[in-house]
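Reader: I have a structure to look at and some questions about its helices. Can we go through them one by one?

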Amino acid sequence: MKKHIKNLKKKLKIFDPKLKEECGIFGISNTKDASALTALGLHALQHRGQEGCGIVTFDGKQYFSEKRFGLVGDNFNKEKVLKKLKGDYAIGHNRYSTTGENTLRNIQPFFADTNAGGIGVAHNGNLTNSISLRKKLVDEGAIFYTTSDTETIVQLIAKSKRAKTIDKIVDAIFQIQGGYALVMLTQTSLVGVRDPFGIRPLVIGKLKNSYVLASETCALDIIGAKFIREVENGEIVLIENNELKSIKPFPPRKVRPCVFEYIYFARPDSMLDGKTAYEHRKNLGSELAKENDIDADIVVPVPDSGNAAALGFAQSLKVKFELGLVRNHYVGRTFIEPSQKIRSLGVKLKLNANQSTIQDKKIILVDDSLVRGTTSHKIVKMLYDAGAKEVHVRIACPEIRFPDFYGVDTPTKKELLAANKSNSEICDYIGAKSLKFLSVNGMYRAIGFDKRNETYPELTDHYFTGDYPVKPIDELGDSKITQLSLLNTASNN
Ligand code: AMP
């Protein structure tokens with residue numbers, strides 16, 4: 001019996017349906033170079049996911065699909081591959097996942113044949129009720145092919161009784177909950193959807209006669225497309241016959257974009273609410289400087305994630321900014337490695353102290369965030385080993401005390417350092433002389449204080465406040481049984 005449970009647990013780990021995805025999505029209409037432009041767009045969005053990538057195209061009659069493990073540049077770099085992806089319409093996806101099954105089956109875009117024709121779907125985010133929905137669908141006879149929550153959306157679209165594909169999509173999004181941005185390719189249109197709170201990002205661009213949809217504006221820049229606007233929260237944009245129609249099926253609501261896009265995830269040159277992520281991060285650094293209480297010889301960023309915040313911090317304090325750490329650019333993001341053991345190793349692989357700049361110096365080390373504390377723990381030691389006199393750590397966001405369920409890969413509460421330790425305990429753990437986090441008010445001042453109407457826009461900020469805009473239903477419900485039934489489905493495949 002014990003062995004049986006052990007096996008089940010092992011399988012559950014492999015088929016963990018709570019895939020945490022912070023992916024990049026892209027779509028383009030009406031252009032001869034649809035597959036090549038999509039490959040370029042995905043390349044610009046590579047920071048959002050490096051595990052796998054895929055492109056689906058449509059040529060008016062037929063869909064074409066290529067999905068690969070690894071980076072876009074290594075997979076969609078040849079004329080031969082791009083030529084296979086025929087048609088003037090394309091969507092693409094970069095996958096990021098640290099848990100769950102790492103197979104080609106889970107790489108997107110997904111494709112399905114419905115009674116209204118084919119549909120390709122690419123998804124960024126996490127559904128908070130996908131396990132409950134999946135259980136219902138399986139009970140009704142649906143067969144799941146992947147362990148991704150995106151397949152739930154595809155199944156809901158396919159199952160809808162409505163006649164038109166766009167109505168089937170509306171039907172499906174009324175049932176899903178969570179943080180999501182979707183691009184879809186129907187037989188007549190390119191479709192973009194953003195969740196009712198606008199937690200996950202999606203922007204619209206224009207390139208000659210083509211419309212472009214992308215997770216971030218940096219994917220528009222790379223192909224020379226003009227940024228038009230963000231897809232609004234709860235909005236569906238339907239691009240058909242070269243025209244963009246907006247459908248708003250949900251009651252109007254205030255947008256609550258995810259604060260972590262501002263702090264960490266978006267590429268620094270991407271626009272978020274009228275400013276680049278770089279500017280927002282410099283502002284976070286400036287606010288952090290206002291809350292600072294010590295002098296130092298130099299400010300050192302944790303590259304690259306802490307660069308902008310450290311610059312803003314140093315410029316505000318008028319302290320010298322030095323590159324005290326050198327990053328090896330040929331290793332991926334630390335979090336991409338799936339186990340804690342490899343993650344710890346990853347930090348060593350990635351960074352080295354720049355001895356000449358830090359020797360005998362009193363240093364303020366700035367990073368954008370502290371999650372498990374792995375990075376800070378390693379780096380503080382690295383700086384002391386290389387001769388630093390004092391290392392003080394300043395984090396350009398508040399303490400992360402609550403897990404995420406909308407698609408950013410933050411770990412469970414058990415692993416979140418600030419959820420379990422006081423600030424002085426964290427400081428001891430990372431071995432710093434002092435430690436300070438930016439306050440929640442400071443963060444809001446940096447990102448969102450709107451001088452025109454003197455109001456703070458709301459952000460999805462549950463990481464720090466525990467205020468979840470969408471209830472994590474699966475986490476609260478009877479998901480254990482569902483997971484086991486899913487396990488049986490998956491292992492029987
Ligand atoms: P940790 O080492 O666990 O404290 O994580 C903090 C480091 O991970 C910081 O340098 C961040 O830039 C980075 N980070 C924060 N959030 C994420 C995320 N969702 N995915 C990948 N890396 C992250």
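Reader: Where is the place of E261?

Author: A word first: this is a predicted model. Look along the chain for the run of residues 259-265. E261 has its place in that run, which is helix α9.

Reader: Is E261 buried or exposed?

Author: Buried means under 20% relative accessible area. E261 has 2% relative accessibility. E261 therefore counts as buried.

Reader: Which residues is E261 in contact with, leaving aside its neighbours within four places in sequence?

Author: Contact means heavy atoms within 4.5 Å. With those neighbours left aside, the contacts of E261 include E22, R48, R200, P201 and E216. The others on the list are A266, L272 and R281.

Reader: R281 turns up in α10 too. At what angle do the axes of α10 and α11 cross?

Author: Helix α10 covers residues 277-290, and helix α11 covers residues 307-317. Their axes come within 6 Å. The crossing is right-handed. The angle is roughly 45 degrees.

Reader: How are α10 and α11 classed: parallel, perpendicular or oblique?

Author: Under 35 degrees counts as roughly parallel, and 65 to 115 as roughly perpendicular. The axes of α10 and α11 cross at roughly 45 degrees. The two helices are therefore oblique.

Reader: How many residues in the contact of α10 with α11 are nonpolar, polar and charged?

Author: From α10, the contact has Y278, R281, K282, G285, S286, L288 and A289. From α11, it has A308, A309, L311, G312, F313, Q315, S316 and L317. By class, that gives eight nonpolar, five polar and two charged.

Reader: What is the handedness of the crossing of α6 and α7?

Author: Helix α6 is residues 150-159, and helix α7 is residues 165-175. Their axes come within 8 Å and cross at roughly 130 degrees. The helices are therefore oblique to each other. The crossing is right-handed.

Reader: How do the residues of the contact of α6 with α7 divide by class?

Author: α6 brings I153, L156 and I157 to the contact. α7 brings K168, I169, A172 and Q175. They divide into five nonpolar, one polar and one charged.

Reader: How far apart are the end C-alpha atoms of α14?

Author: Helix α14 has 12 residues, 374-385. At 1.5 Å a residue, α14 should span 16 Å. The model agrees with this, as the end C-alpha atoms are 17 Å apart.

Reader: Which residue with a positive phi follows α14?

Author: Within α14, the buried residues are T374, S376, I379, V380, M382 and L383. After the helix comes a residue with phi near 110 degrees. That residue is G387.

Notes: Residues numbered from 1 in each chain as written. Predicted model: local features only at pLDDT ≥ 70, side-chain atom pairs only at ≥ 80, totals over all residues. Heavy atoms only, no water. Axes fitted to C-alpha atoms, helices over the stretch in contact; angles between N-to-C directions. Helix = DSSP H or I, 4+ residues; strand = E, 2+ residues; numbered from the N terminus. Parallel < 35°, antiparallel > 145°, perpendicular 65-115°, else oblique. Left-handed = near helix turned anticlockwise from the far one by under 90°. Nonpolar A, V, L, I, M, F, W, Y, C, P; charged D, E, K, R; others polar. Expected span 1.5 Å × (residues − 1). Buried < 20%, exposed > 50% of the residue type's maximum accessible area, 1.4 Å probe, protein only.
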